[in-house]
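This text leads a new reader through one protein structure, going from the whole chain to single residues. Please keep the sequence and the 3D view at hand while reading.

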Amino acid sequence: MGLIGLETYVPGRSQMHRWEPRQKLVSLMALMFALAMVQRVWLVIPMVGVTALLYRLSGLPLSFLRQRWSYPGLFILAVVILLPFTSGETVLGQWGWISVRGEGLTTMVLIVGRFFSILTLGFILFGTTPFLTIVRCLRSLGLPPLMADMALLAYRYLYDIGHTLRTMKQAMQLRGLGQRPTKRRSVAHWAMLLGNLLLRSYEQSQRVYQAMVLRGYGQTTALGGTVTTTVEQLSTGWGLTVAVLAIAVGFVVAEVSL
């Protein structure tokens, strides 16, 4: 549950922390969409460079990025690791029956570069802005109230699910489950654990919804308040907004015209 601690460094004083939330959200999302369109391999270097520069401006430590890149990094590595050896016709090098193919290598570099850059930009956004502020920004930009409420509830109860999972694992260990089990028994234990967790989560969601209805949920807008903006945020924000949007447009133009 490493993603739960995204707000550890939200109380910061970097330029990214002082950036006006709505401008930050729109600018970084526009940059993410622009990077997702990149199909030319030579654009990967400026893409990673811009991402590294923005991460440096955020003031977040490298440990924050390393901890949250562990599982997504393993996933994307497992997906693309075989591409240079199985995809394409241009052979760049061959050692026995193993051959490295140019098209597969290019595809791997593009996928890894886009994945790294987009995910890191997401970590910058959530690592420098409170989640409630992001949802309020989305509401001000037209997100339906129901979806905003669902996002808040999902984020809130991730903590409860994590706490329940840790409690259930500890209870299993105290009862002797998981002590040198066979592979089949270990899989069965994990299946029972996850099934029990899903049932508890479903029952809790029903109780929470019933409690909300009894308290008048649905009669008024659940998420209130506005996004407060200071003069310092506006002065810092416009420069970053123009720069990031210009970079996003630059990537789109380079992809389309060059």
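Among contacts in the protein between residues at least 6 apart in sequence, 77% join residues at least 24 apart. The model is a predicted one. Its secondary structure consists of 10 helices and two strands. Read from the N terminus, the elements follow the order α-α-α-α-α-β-β-α-α-α-α-α. The protein has 258 residues, and 32% of them count as buried. The exposed area comes to about 16,000 Å², with carbon and sulfur atoms supplying 67% of it.

The walk through single sites can begin with Ser-14, in the segment before α1 (15-18). Is Ser-14 buried or exposed? Ser-14 counts as buried because its relative accessibility is 14%, and the cut-off for buried is under 20%. Leaving aside neighbours within four places in sequence, Ser-14 is in contact with Leu-57, Ser-58 and Gly-59. Two backbone oxygens lie by the polar part of this side chain. That of Ser-58 is 2.7 Å from a polar atom of the Ser-14 side chain, and that of Leu-57 is 3.5 Å from a polar atom of the Ser-14 side chain.

A little further along the chain come two charged residues. A search of the whole structure finds one salt bridge. The side chains of Arg-22 and Glu-20 form a salt bridge, with 3.2 Å from N to O. How do the two partners stand with respect to the surface? Glu-20 is buried, at 3% relative accessibility, whereas Arg-22 is partly exposed, at 31%.

Arg-22 also gives a way to the loop between α7 and α8, where Leu-141 lies. Leu-141 and Arg-22 are 119 residues apart along the chain, and their C-alpha atoms are separated by 8.4 Å. Not counting residues up to four places away in sequence, Leu-141 touches Leu-25 and Val-26. Gly-142, just after α7, takes a positive phi of about 110°.

Which residues of helix α7 (residues 131-140) are buried? They are Phe-131, Ile-134, Val-135 and Cys-137. Seen down the axis of α7, these buried residues fall within an arc of 155°, so they line one face of the helix. The general geometry of a helix is useful to recall at this point: an α-helix has 3.6 residues a turn, so residues three or four places apart point the same way. The buried residues of α7 pack against three other helices, namely α2 (21-36), α6 (102-128) and α8 (145-174).

Helix α6 is the next stop, by way of Thr-120, which lies in this helix. Thr-120 is buried, because its relative accessible area is 1%, and under 20% counts as buried. What does the side chain of Thr-120 reach? The side chain of Thr-120 reaches the backbone oxygen of Phe-116, at 2.6 Å. Setting aside residues up to four places away in sequence, Thr-120 touches Thr-51, Tyr-55, Leu-65 and Trp-69.

The strands come next. Val-91 lies in strand β1 (residues 91-95). With 42% relative accessibility, Val-91 counts as partly exposed. Not counting residues up to four places away in sequence, Val-91 touches Ser-99, Val-100 and Arg-101. Val-91 and Gly-104 are 13 residues apart in sequence, with 9.8 Å between their C-alpha atoms.

The last stop is on the surface. Which residues make a nonpolar surface patch of about 820 Å²? The patch is made by Leu-77, Ile-81, Leu-82, Phe-85, Trp-95, Trp-97 and Ile-98. One of these, Leu-77, lies in helix α4 (residues 62-80). Leu-77 counts as partly exposed because its relative accessibility is 44%, a value class that runs between the cut-offs of 20% for buried and 50% for exposed.

How values were computed:
Residues numbered from 1 in each chain as written. Predicted model: local features only at pLDDT ≥ 70, side-chain atom pairs only at ≥ 80, totals over all residues. Heavy atoms only, no water. Patch = residues over 30% accessible without salt bridge, like charges linked within 9 Å, V, L, I, M, F, W, Y side chains within 5 Å. Areas by Shrake-Rupley, 256 points an atom, 1.4 Å probe, with all protein chains shown as cover. Salt bridge = Lys/Arg side-chain N within 4 Å of Asp/Glu carboxyl O. Helix = DSSP H or I, 4+ residues; strand = E, 2+ residues; numbered from the N terminus. Buried < 20%, exposed > 50% of the residue type's maximum accessible area, 1.4 Å probe, protein only. Arc of directions from axis to C-beta. Contact = heavy atoms within 4.5 Å. Polar contact = N/O pair within 3.5 Å; in protein donor to acceptor, adjacent residues only side chain to side chain.
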